[in-house]
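Please find below a colleague's note on the structure shown here. The points concern the sheet and the helices that accompany it.

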Amino acid sequence: MVYVLLGTGFEETEAIAPIDLLRRAGIQVQTVGINGKVVYGGHGIGVETDIALDEMDLNSLDMIVLPGGLGGVASIRASKAAMDAVSFAYENGRYVAAICAGPTVLADLHITDDRKATCYPGCEDAMGRAVMVPNAAAVTDGKVITGTSAGCAVPFGLALIAALKGEDTANAIARQIVIR
């Protein structure tokens, strides 16, 4: 199961595009509301989440995804349960993925220490001991996947698919959506 954490102010493109791509690849995804079952993104788009934060089954977790958006990232940081879920995923060898400002949460938890990573331009100072990869849409280092921005949401989503189902499946989805 892939859980995508949505907190008030999340970046809509960074959440919805990867969710769509993962589901096209036949991967089970559930959106998780940090601030209730209906969560509003940074541009006022409301999303009714599949489950609330306290309904997550961490034992079924294959990957946890943190979209960016400063409000969404602040919502994740403000939730002990959300931060604990991210830590659980990492400590138990599950995939941990974040895009835009989301990787700074991974840095807070020392998940990106000494790992290659990317983030939204200007957030690098909050990335601690991460080995920053400039000009990358998405970076995979072991079980940690980071993405740069809303404009990189599709390559980020394809990197998530590649991690879970292989490059062939990711390439098939890329062909299906006619990425150029």
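1. Two strands are taken to pair if DSSP finds at least two bridges between them. Helices (H or I, at least four residues) and strands (E, at least two) are DSSP runs, numbered from the N terminus. On this basis, Gly33 has Ala52 in strand 5 as its bridge partner.

2. The model is predicted: local features need pLDDT of at least 70, side-chain atom pairs count only at pLDDT 80 or more, and totals for chains, interfaces and linings use all residues. Residues are numbered from 1 along each chain as its sequence is written, and side-chain values use heavy atoms, with hydrogens and water left out.

3. Seven strands form an open sheet in the order 5-2-1-6-7-11-10, and their pairing is mixed. Strand 5 and strand 10 (138-141) are the edge strands, each pairing on one side only.

4. Strand 2 (residues 29-33) pairs with strand 1 (residues 2-6) in the parallel sense over five bridges; Val2 is partnered by Val29 and Val4 by Thr31. Strand 2 also pairs with strand 5 (residues 51-52), again in the parallel sense, over two bridges. Four of the five residues of strand 2 are buried, that is, under 20% relative accessible area (1.4 Å probe, protein chains only).

5. Helix 1 (residues 12-24) joins strand 1 and strand 2 in a right-handed β-α-β unit. Here right-handed means that, with the strands pointing away from the viewer, the path from the first strand over the helix to the second runs clockwise.

6. How does strand 11 pair with strand 7 and with strand 10, parallel or antiparallel? Strand 7 and strand 11 run parallel and are joined by four bridges, with Val96 opposite Val144. Strand 10 and strand 11 run antiparallel, also with four bridges, and Val139 stands opposite Thr146. Two residues lie between the strands of this hairpin, in which Gly142 takes a positive phi near 65 degrees.

7. In a regular strand the side chains alternate between the two faces of the sheet. In strand 11, Val144 and Thr146 point one way, Ile145 and Gly147 the other, and all are buried.

8. The axes of helix 5 (residues 153-165) and helix 6 (residues 167-176) come within 7 Å and cross at roughly 145 degrees. Axes are lines fitted to C-alpha atoms, for helices over the stretch in contact (heavy atoms within 4.5 Å); angles run from 0 to 180 degrees between N-to-C directions. Residues in this contact include Leu158 and Ile161 of helix 5 and Ile173 of helix 6.

Notes:
Buried means under 20% relative accessible area, exposed over 50%, partly exposed in between (1.4 Å probe, protein chains only).
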